[in-house]
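Let's walk through this structure together, beginning with what surrounds its ligands and finishing with a couple of backbone details. Have the viewer open as you read.

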Amino acid sequence: MNPDFIKTICPYCGVGCGLVLKVEDGKVVGTYPDKEHPVSRGTLCIKGWSAHQFVHHADRLKTPLVKRGDTFEKISWDDAIALAVEKLQSTAARYGGDAIGGLSSAKCTNEENYLFQKMIRMAFKTNNVDHCARLCHAPTAVGMGQTTGSGAMTNSISDLAGAECILIIGSNAAESHPIIMGEIYKAADRGAAVVVVDPRKTAVAENAQVHLRINPGTDIPLLCGMMRHIIDEGLHNEKFIHDRMEGFDELKTFLRSWPVERAAKECGIAEEEIRRVAEMYARAKDAAAVYCMGITQHACGTANVHAVCDLAMLCGQIGKTFSGVYPLRGQNNVQGACDMGALPNVYPGYQSVSVPAVKEKFEKAWGRELSAKPGLTVTEMIGSAGKDIRALYIMAENPALSDPDVNHVLESLTKLDFLIVQDIFLTETAKFADLVLPAVCFAEKTGTYTNTERRFQLLRKAVEPPGEAKGDFEIICLLANALGLDFPYKHPGEVMEEIAKLVPEYGGIRFDRLEKAGLQWPCPDLKHEGTRFLHDVQFTRGKGLFIVPAYTPPFETPDGEYPYWLSTGRMFAHYHTGTMTRRSAFLSREMEGAYAEMHPEDAIKAGIREGDRIRITSRRGSIVTAARITKRVARGSVFAPFHFTEARANILTNPVLDPISKIPEFKACAARIEKEPHEKHER
Ligand SMILES: Nc1nc2c(c(=O)[nH]1)N[C@H]1C(S)=C(S)[C@@H](COP(=O)(O)OP(=O)(O)OC[C@H]3O[C@@H](n4cnc5c(=O)[nH]c(N)nc54)[C@H](O)[C@@H]3O)O[C@H]1N2
Ligand SMILES: Nc1nc2c(c(=O)[nH]1)N[C@H]1C(S)=C(S)[C@@H](COP(=O)(O)OP(=O)(O)OC[C@H]3O[C@@H](n4cnc5c(=O)[nH]c(N)nc54)[C@H](O)[C@@H]3O)O[C@H]1N2
Ligand code: SF4
Ligand SMILES: [Mo]
């Protein structure tokens with residue numbers, strides 16, 4: 001039989017590369033890069049190349065499961081939906097609709113996210129809907145929303161290749177967004193200055209012209225020192241500030257308290273380096289600022305975002321090609337899940353639930369009374385399980401590994417009256433569920449994802465799902481109709497038409513228009529070709545706003561009892577909680593099991609050798625993992641990826657939240673390291 005080749009989009013990260021799936025006898029047998037794709041242009045990273053490997057894995061969920069005692073039993077779809085409806089409705093009747101919470105998903109399509117939030121809001125008159133953006137770019141949504149009017153990447157990925165200076169701050173793009181890193185290398189080849197700010201010497205840092213190894217959580221002092229120097233030297237863009245900005249006087253006054261000397265002491269970088277880097281950025285014709293979790297995952301995450309935006313606006317580096325601010329979006333569809341209103345305070349298109357005219361608009365369109373009260377966030381829903389939240393419906397998230405202070409999360413999950421988990425595998429979270437619904441994966445569904453440069457892209461079904469698994473789209477419609485709503489949708493394209501009517505920026509998005517290269521929003525009408533960069537003649541909010549960044553150092557700092565800085569994050573071969581990548585033979589071969597990086601001098605002091613088992617302990621708990629001795633981490637620091645269930649980094653992390661965006665401080669807490677005694681039979 002001749003194979004079929006189906007074009008689709010990579011299910012892993014927010015770069016949104018184009019994949020071609022090779023299908024033989026109804027099975028995906030290989031993945032190839034799509035040469036015509038506008039972003040990846042015939043390239044893929046190792047995860048994209050292996051994206052088919054989990055699809056037909058024997059562990060895929062194939063039937064709905066119900067918990068009886070300690071074990072799961074198979075049940076029919078009819079019984080599963082009936083049970084879900086009965087439990088959700090009785091919970092709502094007893095405790096009110098606000099006792100129901102829904103976690104939507106950045107792994108699912110735009111249409112699925114739209115329907116998920118619509119169902120939760122309509123059926124239970126609550127806004128308790130959120131998703132993993134809370135743990136990721138929530139500070140971007142708020143912070144860039146305040147400064148520019150839009151929480152999205154200002155420019156396009158291809159713009160990076162044309163920049164003269166690229167400041168990469170808190171992003172390990174070489175491992176987390178490899179295809180974007182390719183654009184940065186192109187710029188470097190053309191002579192662009194690449195400056196990396198990161199406490200770790202990542203591959204990005206190794207290849208940069210300058211690496212500033214700052215103390216954890218001190219980006220605001222660094223950025224303030226840079227801005228102060230830029231203003232002192234008169235290198236700021238006065239015309240841009242005069243014509244397009246507000247709040248400059250306040251920022252300038254504030255920066256008087258951040259002379260370069262003070263900044264240098266706080267962030268651990270020499271004064272001359274701060275001045276040099278400030279000038280490199282400010283003197284460049286086109287400068288880009290790229291950031292990711294090293295900026296957002298702090299208790300001052302939103303203020304960090306303010307500071308990055310302030311720098312870009314101070315130098316007039318927004319609103320034109322080859323410049324801009326690039327929050328690199330994480331999940332394949334985290335941009336879309338936010339756009340589609342899978343957030344507790346906004347409907348699709350960031351329209352506020354608490355503005356009466358907006359609420360009326362959605363009530364009219366959907367035909368139900370809605371709640372004006374903003375809902376709870378992911379961390380708040382889990383934190384109030386068994387109290388305010390009695391029943392939780394989780395679609396495609398795995399908080400048992402991805403939320404901070406996981407021991408506490410697990411305890412919370414047991415306090416729920418009813419938990420529904422809809423996934424493609426029986427995850428650590430699903431094991432706590434009362435009802436498990438088997439969903440289909442990217443290769444088995446049709447719909448759209450929106451990548452980090454705001455590009456709506458088509459996902460095309462290549463193969464049939466395993467067993468009785470159903471698409472998230474179909475499951476939501478079944479459940480919504482059984483809950484008494486009218487969800488008549490047969491195809492995601494119909495949902496996109498409904499979205500286009502409700503959100504002006506997506507007015508011109510239609511499935512048939514996405515066939516070739518997708519469309520970047522804003523795309524207000526059917527003639528519009530999409531938008532390459534934002535804030536062109538004016539900012540989305542009118543004038544750009546300088547916001548004085550409110551610095552708070554990390555909540556926990558090393559002390560006698562917990563002498564190390566612990567940071568957590570990613571490595572190239574694995575993805576998040578590992579449900580997909582750890583089921584890929586190819587990727588598991590790259591990195592089989594859990595590890596933590598520590599500095600050689602620290603290792604010698606503690607008598608630890610490469611590969612030794614070490615115990616890392618924080619105020620929340622402890623894990624045992626393998627030592628990897630490397631100068632990538634600074635002395636006195638340890639880095640643990642959070643991909644590994646056998647050594648969950650989130651047992652250790654501090655659940656303290658940024659008060660504005662409610663993101664946890666995943667990037668800094670205090671820890672202790674001890675060598676574990678050898679197991680008896682080891683060798
Ligand atoms: N291989 C792989 N790729 C992925 C993912 C994955 O799991 N695996 N996940 C995707 C998702 S959802 C996301 S959000 C992105 C995340 O992508 P990244 O943000 O690039 O990944 P992280 O490893 O979390 O952290 C980024 C960097 O921040 C640095 N950092 C830590 N603390 C600080 C600090 O205080 N200041 C500064 N300046 N830097 C600091 C870390 O040392 C690290 O190098 O990756 C996406 N891509
Ligand atoms: N310590 C620490 N913790 C972190 C971070 C960190 O840097 N450090 N980063 C945070 C960040 S940025 C993020 S984004 C979160 C991610 O946190 P999560 O979103 O909880 O992590 P994932 O493993 O991506 O979970 C996605 C789930 O969806 C399932 N799935 C995949 N495709 C489909 C589908 O089409 N349908 C259905 N129904 N299920 C599907 C997968 O099997 C998996 O169980 O983790 C956060 N946690
Ligand atoms: S860069 Fe991201 S989207 Fe592209 S192939 Fe790798 S994981 Fe997939
Ligand atoms: Mo993320």
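A residue counts as near a molecule if one of its heavy atoms lies within 4 Å of it. Keep in mind, too, that this is a predicted model.

With that cut-off, start at ligand 1. There are 35 residues around ligand 1, and the ones that come nearest are Asp198, Gly217, Asp219, Arg570 and His574. Sorted by class, this shell holds 16 polar, twelve nonpolar and seven charged residues.

Now zoom in on a few polar atoms. On the side-chain side, His298 places a polar atom 3.0 Å from an oxygen atom of ligand 1. The backbone joins in as well: a polar backbone atom of Met571 is 3.0 Å from a nitrogen atom of ligand 1, and for Gly170 the distance from a polar backbone atom to a nitrogen atom of the ligand is 3.3 Å. How much of ligand 1's own accessible area does the protein cover? Taken on its own, ligand 1 has 910 Å² of accessible area, and the protein covers 99% of that.

Which elements do the surrounding residues come from? Two or more shell residues are given by each of α5 (173-176), α13 (293-296) and β23 (564-569). Step back to the domain level and the placement makes sense: ligand 1 lies between domain 3 (138-327) and domain 4 (564-675), because both of them give residues to its shell.

Next, move over to ligand 3. Its surroundings include four cysteines you can pick out by number, Cys10, Cys13, Cys17 and Cys45. Also around ligand 3 are Tyr12, Val15, Gly16, Leu44, Lys47, Gly48, Pro178 and Ile179. By class, that shell divides into nine nonpolar residues, two polar ones and one charged one. Two helices, α1 (46-49) and α6 (178-189), each supply at least two of the shell residues. As for the space that ligand 3 takes up, it is the second largest cavity.

To finish, leave the ligands and look at the backbone in two loops. In the loop between β21 (519-520) and β22 (544-545) you'll find Pro522. The peptide bond leading into Pro522 from Trp521 is cis, with omega near 0 degrees. The other stop is Tyr350, in the loop between β14 (346-347) and β15 (351-352). What is the sign of phi at Tyr350? It is positive, at about 60 degrees, although Tyr350 is not a glycine.

Conventions:
Residues are numbered from 1 along each chain as its sequence is written. Chains are lettered from A and ligands numbered from 1 in the order in which they are written. This is a predicted model: local features need pLDDT of at least 70, side-chain atom pairs count only at pLDDT 80 or more; totals for chains, interfaces and linings use all residues. Side-chain values use heavy atoms; hydrogens and water are left out. A polar contact is a pair of N or O atoms within 3.5 Å; within protein, one must be able to donate a hydrogen and the other to accept it, and residues adjacent in sequence count only if both atoms are side-chain atoms. Accessible areas come from the Shrake-Rupley method with a 1.4 Å probe; for residues, only the protein chains shown count as cover. Helices (H or I, at least four residues) and strands (E, at least two) are DSSP runs, numbered from the N terminus. Ala, Val, Leu, Ile, Met, Phe, Trp, Tyr, Cys and Pro count as nonpolar, Asp, Glu, Lys and Arg as charged, and the others, Gly among them, as polar. Domain bounds come from an automatic or database domain assignment. On a 1 Å grid over the protein atoms alone, a cavity is a set of points where a 1.4 Å probe fits but cannot get out, and a pocket is an open set with protein on both sides within 12 Å along at least five of seven lines; lining residues have an atom within 4 Å of a point. A molecule sits in a cavity or pocket if more than half of its atoms lie within 2 Å of its grid points.
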